[in-house]
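Let's take a walk through a protein together. Have a look at the sequence and the fold, and then read on.

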Amino acid sequence: MNIVVGVTGGIAAYKTVHLVRLLTKAGHEVTVVPTEDALRFVGTPTWEAISRHPVTTSVHEDVAKVRHVALGQNADLVIVAPATANSIAAMTAGLAGDLLGTTLLATMAPVLIAPAMHTEMWRHPATQANIATLQSRGVHLVGPAEGELAGGDSGPGRMAEPEEIFVRATALLSAGDLDGLRVAISAGGTREPIDPVRFLGNRSSGRQGVALAAEAAARGATVTLVAAHVDAAVLAAAQQPSVRVVPVGTARELSAAMKDAAADADVVIMAAAVADYRPVEAADHKLTKAEGGLGRIELVENEDVVAALATARAEGRAAAGQTIVAFAAETLTNAEERRERARGKRERKGVDLLAVNLADAEHGFERPDNEIEVIGGGGAVIATASGTKRQVARALWDAVLASR
Ligand code: CTP
C-alpha cells in the first residue's frame with residue numbers, strides 16, 4: 001500500500017522514525033512529507049534512509065509530475081505524526097502552503113493524525129474545536145496519550161507510541177479484508193534431536209510462513225506465528241504488534257503450540273516442514289563412533305499435526321467455520337503428477353486447501369521466490385501464484401478469503 005507520513009515540527013518526530021520503519025517492514029511504500037519545521041528535529045537523510053524514498057517539503061520540486069497533488073491522490077492512507085497544535089489548525093483551515101498541506105487537500109484516502117503538544121495547548125478550546133471539526137470530516141485520531149512531556153510536565157499531549165499508530169494505520173488500510181480474523185501459522189522446519197549436538201532437520205527457512213504472517217497482519221488479522229528454527233533476520237519481516245511469535249524446536253513442541261493457537265483461530269496455515277519421524281530416544285550425551293550409536297538411529301513416527309487439527313475441527317474442538325490450509329513441497333517434476341499427489345494429500349489430511357510447490361535445486365526451499373498451485377474442494381486448482389514469497393502470500397490469502 002502507498003502511505004504518506006506527514007511529519008510536523010514536534011520533538012516526537014524522532015518516534016515517527018520507528019513508525020516509518022514498522023510500515024516499511026510490513027511491506028508498504030512509505031513517502032515521508034515533513035514540514036520545514038519538522039526537519040529541525042529529524043533531518044532529510046534520516047527520512048530518506050528509513051523510507052527508501054526521496055523526501056521533499058516543497059511544492060516546487062518535481063513540478064512536472066504534479067507532485068503536490070499526485071502524492072495525495074495515490075495514497076491509500078495519510079498519517080500525520082506528530083501533529084502539532086499549529087499543523088492541526090492549518091489542516092482545519094485547509095491551508096496549502098507546503099507539500100503536506102496540498103497532499104492533505106488532494107487526498108481521498110483515510111487520514112490518521114497523532115497529536116503531540118503540551119497539555120495546555122491540547123486542552124485549549126481552539127485546539128479542541130479544530131479536532132472536533134477534523135473528526136466531523138472523517139479524520140481519525142490516535143492519542144494523545146497521558147505521560148511525561150518534553151518540558152518535564154505531565155498530562156495528555158504525548159504522541160501515541162509508534163506501535164499503537166501502526167496498529168490503527170493497519171486497521172484503516174485493511175478494513176473489510178482480513179480485519180478481525182484470528183490466524184495461526186506455522187513456519188520453518190523442526191529439528192529432532194539425536195544427541196545434544198546432532199539433529200534430524202530439513203531445509204525449510206520459514207520465509208513463506210513468515211510472509212504469510214506479515215501479509216495477514218498488514219491486512220488486519222491477528223496472527224500467532226509458530227516458528228520452528230526461523231532465523232532472526234527472516235523473522236524480522238513479521239515483527240509487528242499484531243503478530244505473536246511462539247518459537248518451537250521439535251515436531252512435538254510445534255504440535256502443542258499449533259493446537260493451542262488453532263483452538264480459536266479462524267484460519268490455520270501449516271507452512272512448516274514438520275519431521276515425519278524422530279529418534280526413539282535422544283541420547284543425553286554426544287554419541288561417539290566407538291559406541292556405535294550413530295550407524296543406526298531408530299525412528300518413531302511423529303503425529304501428523306495438520307491432520308490432527310482437521311480432526312479437532314471435525315469433532316467440534318475448533319472455532320466455527322475454521323479454514324485449514326496445508327502445504328506440500330514435492331519433487332515430482334511432472335505438473336499433473338504433482339497435482340494428483342496433492343489432491344490425495346488434501347483428502348488424506350482433511351484440509352480445505354493445499355498449496356503445492358515444486359521443491360528441487362532451483363525451486364522452493366531457501367529461496368526468496370516461490371511458485372504454487374492451490375488445490376481446493378473437489379481437487380480443483382483454485383489459484384496459482386509465482387513471484388516473491390510475499391506475492392505468493394498475497395495470492396494465497398486471496399484464495400483463502402474466496403473459499404470462506
Ligand atoms: N505436516 C504436519 N505434520 C507432520 C508432517 C507434515 O502437520 N508430521 C504438514 C505440513 O506442515 C504440511 C503438510 O503436512 O502442511 C504436508 O506434509 P508432507 O510432508 O508433504 O506430507 P506427508 O503426509 O508427510 O506425505 P508424504 O510423506 O507422503 O509426502
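**Around the ligand**

The space that the ligand takes up is the largest pocket. To find pockets, a 1 Å grid is laid over the protein atoms alone: a pocket is an open set of points where a 1.4 Å probe fits, with protein on both sides within 12 Å along at least five of seven lines. A molecule sits in a pocket if more than half of its atoms lie within 2 Å of its grid points. Before we go further, please keep in mind that this is a predicted model, in which local features need pLDDT of at least 70 and side-chain atom pairs count only at pLDDT 80 or more, while totals for chains, interfaces and linings use all residues. Residues are numbered from 1 along each chain as its sequence is written, and side-chain values use heavy atoms, with hydrogens and water left out.

Which elements give two or more residues to the shell around the ligand? They are α12 (305–314), β16 (323–330) and α13 (335–349). These names follow DSSP runs numbered from the N terminus: helices (H or I) have at least four residues and strands (E) at least two. The largest share of the shell, four residues, comes from α13.

In total, 15 residues surround the ligand, where a residue counts as near if one of its heavy atoms lies within 4 Å. The closest are Met-270, Ala-272, Val-306, Phe-327 and Lys-345. By type, the shell divides into eight nonpolar, no polar and seven charged residues. Here Ala, Val, Leu, Ile, Met, Phe, Trp, Tyr, Cys and Pro count as nonpolar, Asp, Glu, Lys and Arg as charged, and the others, Gly among them, as polar.

Now look for polar contacts, pairs of N or O atoms within 3.5 Å. Lys-345 has a polar side-chain atom 2.6 Å from an oxygen atom of the ligand. For Arg-341, a polar side-chain atom lies 2.8 Å from a ligand oxygen. Val-306 instead uses its backbone, with an N or O atom 2.8 Å from an oxygen of the ligand. The ligand alone exposes 580 Å², and the protein buries 79% of that; such areas come from the Shrake-Rupley method with a 1.4 Å probe.

**A sheet and its strands**

Next, find the open sheet of five strands, in the order β2-β1-β3-β4-β5 with parallel pairing. Two strands pair if DSSP finds at least two bridges between them. Why do β2 (29–34) and β5 (140–141) each have one side without a neighbour in the sheet? Both stand at the edges with a single partner strand, so one side of each is left free of a neighbour there.

Inside this sheet, four bridges join β3 (residues 77–83) to the parallel strand β4 (residues 111–115). Val-78 stands opposite Val-111 in β4. Strand β3 also holds Pro-82, which is joined to Ala-81 by a cis peptide bond with omega about -5 degrees.

**Hairpins and unusual angles**

Most residues other than glycine have a negative phi, and most peptide bonds are trans. A cis bond also joins Gly-143 and Pro-144, with omega about 0 degrees. Pro-144 is in the loop between β5 and β6 (145–148). Four bridges then link β6 to the antiparallel strand β7 (residues 154–158), and Glu-146 has Pro-156 as its bridge partner. Five residues separate the strands of this hairpin, where Gly-152 takes a positive phi near 90 degrees.

Another hairpin joins β9 to β10 through two residues.

Conventions. A polar contact is a pair of N or O atoms within 3.5 Å; within protein, one must be able to donate a hydrogen and the other to accept it, and residues adjacent in sequence count only if both atoms are side-chain atoms. On a 1 Å grid over the protein atoms alone, a cavity is a set of points where a 1.4 Å probe fits but cannot get out, and a pocket is an open set with protein on both sides within 12 Å along at least five of seven lines; lining residues have an atom within 4 Å of a point.
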